[in-house]
Amino acid sequence: MALLSCSFSNSLYFQRLLRLSSPLVMMARSSSTVVAKSVDGKILPFSEIPGPKGTIRNCLDYSLGKGSYFDVITKRFERFGPIYSEQILDTRVVNISDVDATMKLLHAESTFQMRPGFEAAAEVINNQNGLIGLISNDYDVWYSDRSLISPKMLRPKDINETFPMLNTVANDFILRLSHLTQSNKMNNIEEELNFWAVESFASVLFNHRLGFYNHPPDPTAVEFVHASVGMIDNIGKLCLYGSLHKYIKIPAYYRLKKNMATIHTIGMEIINKILATKRERDCSNKQSLFEYLVSNGRDTPKTMAAIIGLMAAGIDTTSTTCLWLLYTLSQHPDIQEKLYQQLVSAIGPDGEVLASNIPPFLKAALKESQRMYPVGGYVVARVFDKDVDVLGYHIPTGVNILMHEHLASLDGRYYGEDAKKFVPERWLRDETRKRHEVNSFTSLPFGFGVRMCLGRRMAESLIYTLVAKILIRYRLQYAEGFENGVNRSLVGILMKPDRPVLLKFITRE
């Protein structure tokens, strides 16, 4: 979780870091490649866990090594085995790729465990009107915010009632799509998906439209999206730089402060506008989350800030998840055609998407896309409040433990010879109504346990609605051809394509 960018390694900041203290300038030593074995079944001490030595070398391997972050991680597991330890500046990290060990660790979460990597972000956000709430490592802060919001976010009945609004936004996206495509090709699909995501979130959370599909789009809403995407990117950079913020403040630190100020200012303008027109509104059974909180007297600045943060945080993750699904379908015309036939049969050429008519094959396609491209769930990070024994080694409390789900999700031991192929059918029942046996801990795109993604059901509903609308009207084709497809890359803190995704939207006859 601690990477240094190539540009940073040659910057003034890096030179200053080298002068900070002698432990940070420790020269890299040769690495051990032998996995130590316990004697007589005894648990070995933490110091015996294999892994690269030193700290600067580890940083440079991630920043200057060949391939992406995911390539570097894969090579290290190939070298050291299913568990290895490394030092990143003053932080000790244990990396694990074993599914049974991951399952054991996550099931040990009887109480709230810390998620490492957000310390620098928390330092910034704590001074920005309390927006830290939902990502805080302070249980009292995190739980109070989540307990207010989760009843409306995780209850299927409440999410199902949002589909009329989601259809309206998706219809506007389709209309805009018809105006924006040139030669059937969309050159800025990522940005358009960001606009769609936040317009959908605002409709669900506030029962209010932000104006992205006005002509021209509302510039304040556009600014909110850009700040939200920048927030995720800069939080990612700070997480990946580890404890560097203790010594120096890199540019991402100050950019995040600006992002948070913009998000809070615009978010509160939205909320105040809604309050001015809806405070006296009679509450119905179809309350938005915002209306639910207002009607229960919970429209405090702290709670409103939590909703703003929830909307901002969901934009880039949801749009990127949708992008990966569209890209993957464009690479598999046979699967795309099968899905189209099911959508037309279930929804009709001009029908509305409902919770009750979403084909299981669409749900399976999304799940399979997330298995191959887990946008935010490629690694599960924890810091336990007690010592744990894993894979024959003792790990003391306070050590960062990273469980690399993105390796297990493509492992042939769990998914067979076609593990790296897009096969939605693996998530469906076969002709005998029997489900395929899949270890659920090999694919955790929304996380696990008490900190599982709060917006999971909403994000899935958004994606089902938009993708259904697109496929009913268009046939997707990757503009650059199959041989020039994209690869998984770490951008900020999200798994994103390593280059722009150029899709062709070919109108169906």
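**Close-up views of Glu405 and the four-stranded sheet**

**View A. Contacts of glutamate 405 in the predicted model.** Residues more than four places away in sequence that touch glutamate 405 are Pro374, Gly377, Tyr378, Val379, Thr442, Ser443 and Leu444. Glutamate 405 belongs to helix 17, which spans residues 405-408.

**View B. Charge environment of glutamate 405.** The residue is buried, yet glutamate 405 has no salt bridge. Arginine 488 provides the nearest side chain of opposite charge, at 7.5 Å. Because a salt bridge requires a side-chain nitrogen of Lys or Arg within 4 Å of a carboxyl oxygen of Asp or Glu, the pair is not counted as one.

**View C. The open sheet and its strand order.** Four strands are arranged in the order 1-2-7-4, with mixed pairing. Strand 1 (83-88) and strand 4 (380-382) are the edge strands, each pairing on one side only. On average, neighbouring strands of this sheet are turned by 20 degrees against each other, direction ignored.

**View D. Pairing of strand 2 with strand 7.** Strand 2 (residues 91-96) runs parallel to strand 7 (residues 400-403), and the two are joined over four bridges. Within this pairing, asparagine 95 is found opposite leucine 402 of strand 7.

**View E. Helices packed on the sheet.** Helix 4 (residues 69-80) touches strand 1 and strand 2; the direction of helix 4 makes about 125 degrees with that of strand 1. Helix 5 (residues 99-107) is in contact with strand 2, strand 4 and strand 7, and its direction makes about 130 degrees with that of strand 7.

Notes
Residues are numbered from 1 along each chain as its sequence is written. This is a predicted model: local features need pLDDT of at least 70, side-chain atom pairs count only at pLDDT 80 or more; totals for chains, interfaces and linings use all residues. Side-chain values use heavy atoms; hydrogens and water are left out. Buried means under 20% relative accessible area, exposed over 50%, partly exposed in between (1.4 Å probe, protein chains only). Lys and Arg count as positive and Asp and Glu as negative; His and the chain ends are not counted. Contact means heavy atoms within 4.5 Å. Two strands pair if DSSP finds at least two bridges between them. Axes are lines fitted to C-alpha atoms, for helices over the stretch in contact, and angles run from 0 to 180 degrees between N-to-C directions.
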